[in-house]
Amino acid sequence: MPSFELEQKFPDKALVFGIDEVGRGPWAGPVMAACVCWPNLEIEPQLAAQINDSKKLSAVKREKIYELILNSNAIIGVGQASPEEIDRLNILQATFLAMKRALKQVEGQGYRVDYCLIDGNRLPDWSWKSQAVVKGDSISLSIAAASIVAKVLRDRLMAELGEQYPFYHWGKNAGYGTKEHIEGLKKYGVSPYHRKSYAPIKTFLAEENTAPEATSNLSEKGTEFLF
């Protein structure tokens, strides 16, 4: 189970943010990142006991824990990169951009960022002091919490987009290449929210069918989330 063992290695009073992302693999929608920090590593034991890698939690459990995180004393930032940015930058750089926006949101709230613990084995090229943590969402409470925040918010966003484009079933598949998603692509073609640089979408772009037009509201600056 995740703990504060990594966070405790940093100086007292340091604000250590766990950072994770969700949405690198889907064919549609943004990539979402979140950063989470508990000042002085103060967290209710009952909440700490429930936090885990978001992939190991049911949707109902994630939603419950997400609300508990928001109602705790955690400092939270969220950022995203749009499908257009993913196509232009590549998914890795777009992921780093979403992480940067999450940290910038925190700084915009008046908090400093002392250290970053980033899930994975790659580090962004930025000025914040950072450490990559392989399988960090199973090790660090801060990273695991960030994975839950990012997952819940992205799933909610994809459900909203799915109401505009119900034939792709994004409310169920979150943009991943499921059978229902593929059937929607075959019948209606590619939407403005699809990642056109992804190989499966390139194939569908060759088809004549096009999805009903819509203007993407995924700002290049990232959606602002209210907590």
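**A tour of helix α7 and the largest pocket**

Start by selecting Lys179, Lys186 and Lys187, the exposed residues (over 50% relative accessible area, 1.4 Å probe, protein chains only) on the face of α7 that is turned away from its buried side. The model is predicted, so local features need pLDDT of at least 70 and side-chain atom pairs count only at pLDDT 80 or more, while totals for chains, interfaces and linings use all residues. Residues are numbered from 1 along each chain as its sequence is written, and side-chain values use heavy atoms, with hydrogens and water left out.

Next, select His181, Gly184 and Leu185, the buried residues (under 20% relative accessible area) of helix α7, a DSSP run of H or I with at least four residues, here residues 179-188. Looking down the axis of α7, you will find these buried residues within an arc of 100° (taken from the directions from the helix axis to the C-beta atoms), so they line one face of the helix. Add α6 (170-173) and α8 (199-205), which are among the elements covering the buried residues of α7, where contact means heavy atoms within 4.5 Å. Then step to Gly189, which follows α7 and has a positive phi, near 80°.

Finally, turn to the largest pocket, which holds about 270 Å³ of space. Of its 13 lining residues (an atom within 4 Å of a point on the 1 Å grid, in an open set where a 1.4 Å probe fits with protein on both sides within 12 Å along at least five of seven lines), select Glu21, Val22, Gly23, Lys55 and Tyr176, which lie nearest the centre. The largest share of this lining, 3 residues, comes from β1.

Note on methods. Helix = DSSP H or I, 4+ residues; strand = E, 2+ residues; numbered from the N terminus. Points joined across faces, edges and corners; volume = space filled by probe spheres on them.
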